[in-house]
Amino acid sequence: MEQDSTVIYRHFNAPSRAFSQFSHEIIRHPRLSANAVRLLTWQLSLPQGAREPLSRTAERARIGSCAFTRAKRQLMEEGFVHERRVQGAGGHWMTQQLVSSTPLTSDEAIKLLSRTPVPTCANPTSPQVAPSPRKPAAGRPTTPPADRHPKKDPKEDTPNLPAPTDTAESPRHEDARALVGALPLLSPALRHIPPAMRDELTRLAARWLDTGHTPTDVHEHILRGLPGPGTPVHRPGGLVRYLLRDVPPLKAEPSPLTPPPTLSARLHGTRECSGDHIQPMLFRPLADETLCSACVSRVPAPS
């Protein structure tokens, strides 16, 4: 059977403006999907200085959430995209993303990201941090009295009092103090905890010890909460305070083994016959016999 042959003709006009140059290795990459190539080329076509995150680019490119996750994972595996978590001024955590037209190693990406200054806030124009408009108070302004103490207890007029703090010292206070003192030995990121915060961290660690946690449990919990290697921690004391704020419950201990089933009172004193039976046969022996009466009757008498 004769097969039809297909011939392709291309007509291409080079644009005079609003164009980007991409390597053929990106467009013809054997391990990048169409969504990954579209996401990468879209990012590389943005103007210099644009700070559009990959998730926003995926929305503009009509790439769904599942497809975006797969495309981002492919780009990170091939070295075109790198990201890390950093802590800026004021203790704000943010994610830095680096998009490159050529594959980069982790060390090369960290060197490029280290040259980029970290902003003071992840979104300085967010309406959540902007002050709300003030409403004018009713009546004429008055100055508060400052010549004597108030006559009444202010607790009567304060609906939201702070929770009372427990001033009693924990019996594990010294163990908690030793636990906090060993934190700089766990990681270089914890070497610069302010000495003024050690009493507060000791009280938080004592709450963990009072509920049954061991010092090893507390140290492992803190290590799991530290950022990845190469990410600086500007507020180590505040990070440890955040990690020790909530005390998780202890894991339930495994239940003991189920005891073996016992015979009922009606079958107490019975014994299983050692004779040939289709099913186990129980009988109540009179002495030390091992055969039931039926098996004894079948045994031939000695001649």
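Which residues are exposed on the other side of H6? Keep that in mind as you go through these points; the model is a predicted one.

1. Start with the buried residues of helix H6, which spans residues 173–181. They are His-173, Ala-176, Leu-179 and Val-180. Because they cover an arc of only 115° around the axis, they end up on the same side of H6.

2. Now for the opening question: Glu-174, Ala-178 and Gly-181 are the exposed ones on the other side of H6. As for the buried residues of H6, they pack against H7 and H8.

3. Next, have a look at His-219, which you'll find in helix H8 (residues 215–225). Its relative accessible area is 16%, and buried means under 20%, so His-219 counts as buried. Leaving out residues up to four places away in sequence, His-219 touches Leu-179, Ala-182, Leu-183 and Leu-186. Leu-179 should ring a bell: it's one of the buried residues of H6.

4. Then there's the pair H7 (residues 198–210) and H9 (residues 236–243), which pack with their axes 10 Å apart. The angle between them is about 25°, and angles under 35 degrees count as roughly parallel, so that's what we call H7 and H9. Their crossing is left-handed.

5. Who makes that contact? From H7 it's Glu-200, Leu-201, Leu-204 and Trp-208, and from H9 it's Gly-237, Val-240, Arg-241 and Leu-243. Sorted by class, the contact of H7 with H9 comes to 5 nonpolar, 1 polar and 2 charged residues.

How values were computed
Residues are numbered from 1 along each chain as its sequence is written. This is a predicted model: local features need pLDDT of at least 70, side-chain atom pairs count only at pLDDT 80 or more; totals for chains, interfaces and linings use all residues. Side-chain values use heavy atoms; hydrogens and water are left out. Helices (H or I, at least four residues) and strands (E, at least two) are DSSP runs, numbered from the N terminus. Buried means under 20% relative accessible area, exposed over 50%, partly exposed in between (1.4 Å probe, protein chains only). Contact means heavy atoms within 4.5 Å. Axes are lines fitted to C-alpha atoms, for helices over the stretch in contact, and angles run from 0 to 180 degrees between N-to-C directions. Angles under 35 degrees count as roughly parallel, over 145 as roughly antiparallel, 65 to 115 as roughly perpendicular and the rest as oblique. A crossing is left-handed if the near helix is turned anticlockwise from the far one by less than a right angle, and right-handed if clockwise. Ala, Val, Leu, Ile, Met, Phe, Trp, Tyr, Cys and Pro count as nonpolar, Asp, Glu, Lys and Arg as charged, and the others, Gly among them, as polar. The arc is that of the directions from the helix axis to the C-beta atoms.
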